[in-house]
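Hi,

Here is the structure I promised to pass on. Have a look at it first, and then read my notes below.

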Amino acid sequence: MTGHRQPWYLDRLRGELERVAAIEDQRERSPTLGRLRPALDRMRPSPRMLAALAAVLALVAVVLAVARESDVERPVAAPQPTPGKKVLTDVTDVDDAVRWRLDGRVLTVQLLPFAPDRTVRMVNGTRISATCGTNVALSPADPRRETTLTRLWPAGQTSLSYRFPRDVSEWCRLADPAGRRVAFVRFPGASSAAGPAAGLVTETALKWARLFASSPGICNEYMVGQPVCEQMMCQRVGAPKPIPNCTRPNQAYTESFRGATVQEIAIKGDEAAARFSNGETIRLHWQPNGDWGVTKIGGDAGRGIFE
Amino acid sequence: MVNHEATDRELLLKGDAAAFAVFYDRHAEWVLGFLRRRSPDGEAAADLTAEVFAAALSGRRRYRSKNASAHAWLLAIASNKLNSALRSGYAERRARTRLAMRPVEVTDDDVARIDALAEVSVVVELLQDLPTDQRTAVLARIVDENEYADIAVTQGVSEAVVRQRVSRGLSGLRRQWEKRV
């Protein structure tokens with residue numbers, strides 16, 4: 001691999017990656033059966049047990065019939081497949097441990113068994129919004145471009161469905177009441193530029209401005225990429241030495257963002273720019289995880305986007 | 001059976017362990033070199049590299065770019081992980097934890113080799129910035145030491161064109177190198 005005879009760090013890392021990749025492969029091949037098999041092997045159903053199971057199933061059927069009108073109380077809120085209707089999309093996101101199923105305009109989000117505790121805590125018993133988008137050819141200002149539905153995610157439930165009034169076949173973002181991302185998906189076939197647009201750019205810009213004003217000189221969580229952080233600190237990362245002709249933002253400058261509002265935004269592909277009420281402009285870049293991140297502050301940050 | 005000629009995109013979307021190993025072999029060294037030159041020490045760079053490839057392994061089936069090469073994708077992951085590490089002071093372990101990866105120790109010998117790798121990867125990075133035709137010509141002439149005439153036949157152009165591409169490629173490399181130092 002590396003041309004060296006002795007195994008060294010990269011070889012050992014390769015070995016470890018191969019080991020976990022093989023486990024992932026196995027999990028992918030038998031996602032459900034693999035987990036159920038040990039339990040099934042332990043079960044030796046007797047006729048009496050089968051009769052009891054039948055009684056339980058009948059009871060469940062009655063409960064479901066009563067609860068049919070309430071989306072929230074549906075069993076794991078899964079949409080009932082319509083005969084003859086094709087399931088458009090079914091995406092499993094191992095990274096966020098979320099399965100997305102889009103059946104026409106009905107989106108079902110399911111937390112996978114290995115979902116991190118943090119995700120489970122975020123959704124349990126909380127009002128979770130699903131913002132989903134359609135054809136990116138629409139102007140960013142067109143309200144049909146993205147639609148947000150908010151529903152209570154019942155505690156202990158592993159999935160929830162949202163019924164959208166229009167096509168949302170490009171992307172979806174799940175967020176908690178504070179707007180923090182729970183999960184994001186860009187559906188297969190979607191344009192590479194598909195993603196939360198105007199609303200999220202504005203929201204990110206405002207959050208960044210608030211943090212920037214309160215923590216001057218800090219590379220905050222809304223800033224992505226090395227150049228913008230180096231610009232903030234006027235110092236090269238890795239080899240700490242000052243950047244020539246670089247001026248750190250002074251207090252008056254950072255203070256001007258306190259309470260600033262977003263006056264104008266523009267989006268061009270994966271890039272966006274936001275102009276604040278203090279006259280300053282920032283540039284944002286679309287991230288693969290569904291968020292926007294600030295990549296440039298002030299100066300010509302809006303060049304090529306606003307013009 | 002993995003096709004070693006497959007593009008990065010094909011390897012990632014294939015989604016099996018063997019294909020990912022081929023992908024890793026292609027990129028591990030430059031990623032480690034890239035991270036070394038931006039991290040305080042070799043150990044930190046090694047730690048970040050492990051996290052970058054764990055994230056790539058987790059996200060390989062979601063590779064959506066139409067680009068056959070995943071260079072930009074890996075660079076984005078590496079930059080984000082690096083940025084996060086610089087802010088918090090340590091490399092995050094999110095992707096490795098999710099995969100239940102075991103720690104890979106870094107020895108003193110490894111650190112020395114990682115430092116050496118950082119020097120080499122500067123050139124590799126500069127090469128990536130060259131237009132494809134110039135990069136191919138420079139690699140064929142300087143690295144593989146092929147004759148101009150042979151390169152011309154392989155690339156289906158005249159010998160004069162190959163000479164021009166090599167010359168322009170080397171000039172471009174020199175300019176970029178001077179900017180860095």
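**What I found**

Let me start with Phe257(A): at 1% relative accessibility, this residue counts as buried. Keep in mind throughout that we are looking at a predicted model.

Rings first, then. Over all chains, a search of the whole structure turns up eleven aromatic pairs. In one of them, Phe212(A) meets Tyr253(A) edge-to-face, with 6.2 Å centre to centre and 85° between the planes. That pair links distant parts of the chain: Phe212(A) belongs to helix 5 (residues 198–214) of chain A and Tyr253(A) to helix 7 (residues 251–255) of chain A, 41 residues apart. Is each partner buried or partly exposed? Phe212(A) counts as buried, because its relative accessibility is 0%. Tyr253(A) has 22%, so it counts as partly exposed.

Phe212(A) also forms an edge-to-face pair with Phe257(A), this time at 5.1 Å centre to centre and again with 85° between the planes. Here too distant parts of the chain are linked: Phe257(A) lies in the loop between helix 7 and strand 9 (262–268) of chain A, 45 residues from Phe212(A) in helix 5 of chain A. If you want to see the wider group, select Trp208(A), Phe212(A), Tyr253(A), Phe257(A) and Phe276(A), which ring pairs link into a cluster.

Two arginines are worth a click as well. Arg275(A) has its charged end over the ring of Phe306(A), 4.1 Å from the ring's centre. In chain B, the charged end of Arg141(B) sits over the ring of Tyr148(B), 4.5 Å from the centre.

Now for some strands in chain A. Strand 2 (residues 98–103) of chain A is largely enclosed by the rest of the structure, because five of its six residues are buried. What does strand 2 of chain A pair with? Strand 1 (residues 89–93) of chain A runs antiparallel to strand 2 of chain A and is joined to it by five bridges; there, Asp93(A) stands opposite Val98(A). Strand 3 (residues 106–111) of chain A is also antiparallel to strand 2 of chain A, with six bridges between them. One of the residue pairings here is Trp100(A) with Val109(A) in strand 3 of chain A. Strands 2 and 3 of chain A make a hairpin with two residues between them, and Gly104(A) in the turn has a positive phi of about 65°.

Chain B is built from nine helices and zero strands. Of its 181 residues, 46% are buried. Among its contacts between residues at least 6 apart in sequence, 63% join residues at least 24 apart. The accessible surface of chain B is about 9200 Å², with 51% of it belonging to carbon and sulfur atoms. One spot to check is Ala100(B), whose phi is near 55°, a positive value in a residue other than glycine. Ala100(B) is in the loop between helix 5 (94–98) and helix 6 (108–129) of chain B.

Lastly, a word on confidence. Chain A has a mean pLDDT of 72, and 66% of its residues reach 70 or more. Among the elements of chain A, strand 6 (residues 159–163) has the highest mean pLDDT, 93, and helix 2 (residues 33–42) the lowest, 39. Over residues 31–50 of chain A the pLDDT is below 50, and that stretch has three contacts in the model beyond near neighbours in sequence.

Cheers

Methods. Residues numbered from 1 in each chain as written. Chains lettered and ligands numbered in written order. Predicted model: local features only at pLDDT ≥ 70, side-chain atom pairs only at ≥ 80, totals over all residues. Heavy atoms only, no water. Helix = DSSP H or I, 4+ residues; strand = E, 2+ residues; numbered from the N terminus. Buried < 20%, exposed > 50% of the residue type's maximum accessible area, 1.4 Å probe, protein only. Contact = heavy atoms within 4.5 Å. Areas by Shrake-Rupley, 256 points an atom, 1.4 Å probe, with all protein chains shown as cover. pLDDT = per-residue confidence, 0-100. Phe/Tyr/Trp six-rings, centres within 6.5 Å; stacked < 30°, edge-to-face > 60°. Lys NZ or Arg CZ within 6 Å of the ring centre and 35° of its normal. Pairing = 2+ DSSP bridges.
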